[in-house]
Amino acid sequence: MTDHEMLELGREVVRAEAAAIEAVAEQLDPAFVAAARLVAGCPGVILTTGSGTSGTIARRLAHLLATCGMHAFFVHPADALHGPSAAVAPGDVLIALSKAGKSAEINHFARVARQRGGQVISLTWKPDSELAELSDVVLVQPNAVEAEGEGVLPFGSTLAAGALCDALCLAVKTMRGFDLATLTQTHPSGATAELVKK
């Protein structure tokens, strides 16, 4: 591979990923509003879950929601099936990320969460998947295969899921009236507090 070919390959995937994120913005619909209101009004705990790169984004979402004052925690779906799913109580919300919506452990976690009185929000490419059927609200991500590494690796889908989660977090923070000034107390390390002060 020549230097030129390498540069073109890099540019091609970045442009495809950017298009995948733009598609998320264009596809936001009333389901997004419903999900944001469900999370913002949650009287209990927000649990996020996912496997692989979806799990990485789910963990990041839990961190961001907690940073914005929500009681939010990531639970790995495999761990959930070894007891921790008992922590789900009526009023809690489970946000499950699964590209295909057919991961057995995620779907089982969602099923248990509903049985225990929780509500489920899913982020998936497949609105007809088992996970979607188990969900109270389904956030459908654009099927952007061209943004995936060689059409298979979860490149664009991971970034698109992150963008969708960011939009959800910001909407929830705004509805709940979380004051950014609170970050000067709860986020004293790093540059965040200094940026808020400016």
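# A walk through the helices, strands and loops

Let's start where two helices meet: the axes of α1 and α7 come within 9 Å of each other and cross at roughly 35°. Keep in mind as you look around that this is a predicted model. The crossing of α1 past α7 is right-handed. On the α1 side, the residues that take part are E17, A20, I21 and V24, and they meet G156, L159, A160, A163 and L164 of α7. Sort the residues of this contact by type and you get 7 nonpolar, 1 polar and 1 charged.

Stay with α1 for a moment. This helix has 25 residues, and from its first C-alpha to its last it reaches 37 Å, close to the 36 Å expected at 1.5 Å a residue. Its buried residues are A16, E17, A20 and V24, and what covers them includes α7. Look at how those numbers step along the chain, and a general point about helices comes in handy. An α-helix has 3.6 residues a turn, so residues three or four places apart point the same way.

Now for the partner. Helix α7 runs over residues 156-176, and its 21 residues should span 30 Å at 1.5 Å a residue; the C-alpha atoms at its ends are 30 Å apart, so the two figures agree. The list of buried residues in α7 is G156, S157, T158, A160, A161, G162, L164, C165, L168, C169, V172 and K173. What do the buried residues of α7 pack against? Their neighbours are the helices α1 (3-27), α2 (30-40) and α3 (52-67), together with the strands β3 (93-97), β4 (119-124) and β5 (137-140).

Follow the chain past the end of α7 and you run into G177, which takes a positive phi of about 70°. This glycine sits in the loop between α7 and α8 (183-186). G177 is exposed because its relative accessible area, 54%, is over the 50% cut-off. From there you can look across to C68: the two residues are 109 apart along the chain, yet their C-alpha atoms are separated by 9.5 Å.

There's another positive phi in the loop between β5 and α7, where you'll find E150. Its phi is about 55°, although E150 is not a glycine. Is E150 buried or exposed? With a relative accessible area of 78%, E150 is exposed.

Next, drop into strand β1, residues 46-50, and pick out T48. Its relative accessible area is 0%, so T48 is buried. Which residues does T48 touch, leaving out those up to four places away in sequence? They are A58, R59, L61, A62, F73, F74, V75, L94 and I95. With A58 there's a closer detail to find, since the side chain of T48 reaches the backbone oxygen of A58 at 2.7 Å.

Strand β1 turns up again when we come to α5, a helix of 12 residues (104-115) that reaches 16 Å from first C-alpha to last, close to the 16 Å expected at 1.5 Å a residue. Its buried residues are I106, N107, F109, A110, V112 and A113. Among the elements covering them are β1, α4 (77-80), β3, β4 and α6 (130-133). Just after α5 comes G117, a glycine with a positive phi of about 95°.

Two more stops remain. C42 is in the loop between α2 and β1, and at 9% relative accessibility C42 counts as buried. Setting aside neighbours within four places in sequence, C42 is in contact with G91, D92 and V93. If you look from C42 towards G101, 59 residues away along the chain, the C-alpha atoms are separated by 24 Å.

The last stop is V138, in strand β5. V138 counts as partly exposed, at 23% relative accessibility. Beyond the residues up to four places away in sequence, V138 touches A31, S122, T124 and A132. V138 and I121 are 17 residues apart in sequence, and C-alpha to C-alpha they are 5.8 Å apart in space. And β5, the strand that holds V138, is one of the elements that the buried residues of α7 pack against, which brings us back to the helix from the opening.

Terms used. Residues numbered from 1 in each chain as written. Predicted model: local features only at pLDDT ≥ 70, side-chain atom pairs only at ≥ 80, totals over all residues. Heavy atoms only, no water. Helix = DSSP H or I, 4+ residues; strand = E, 2+ residues; numbered from the N terminus. Expected span 1.5 Å × (residues − 1). Buried < 20%, exposed > 50% of the residue type's maximum accessible area, 1.4 Å probe, protein only. Contact = heavy atoms within 4.5 Å. Axes fitted to C-alpha atoms, helices over the stretch in contact; angles between N-to-C directions. Left-handed = near helix turned anticlockwise from the far one by under 90°. Nonpolar A, V, L, I, M, F, W, Y, C, P; charged D, E, K, R; others polar. Polar contact = N/O pair within 3.5 Å; in protein donor to acceptor, adjacent residues only side chain to side chain.
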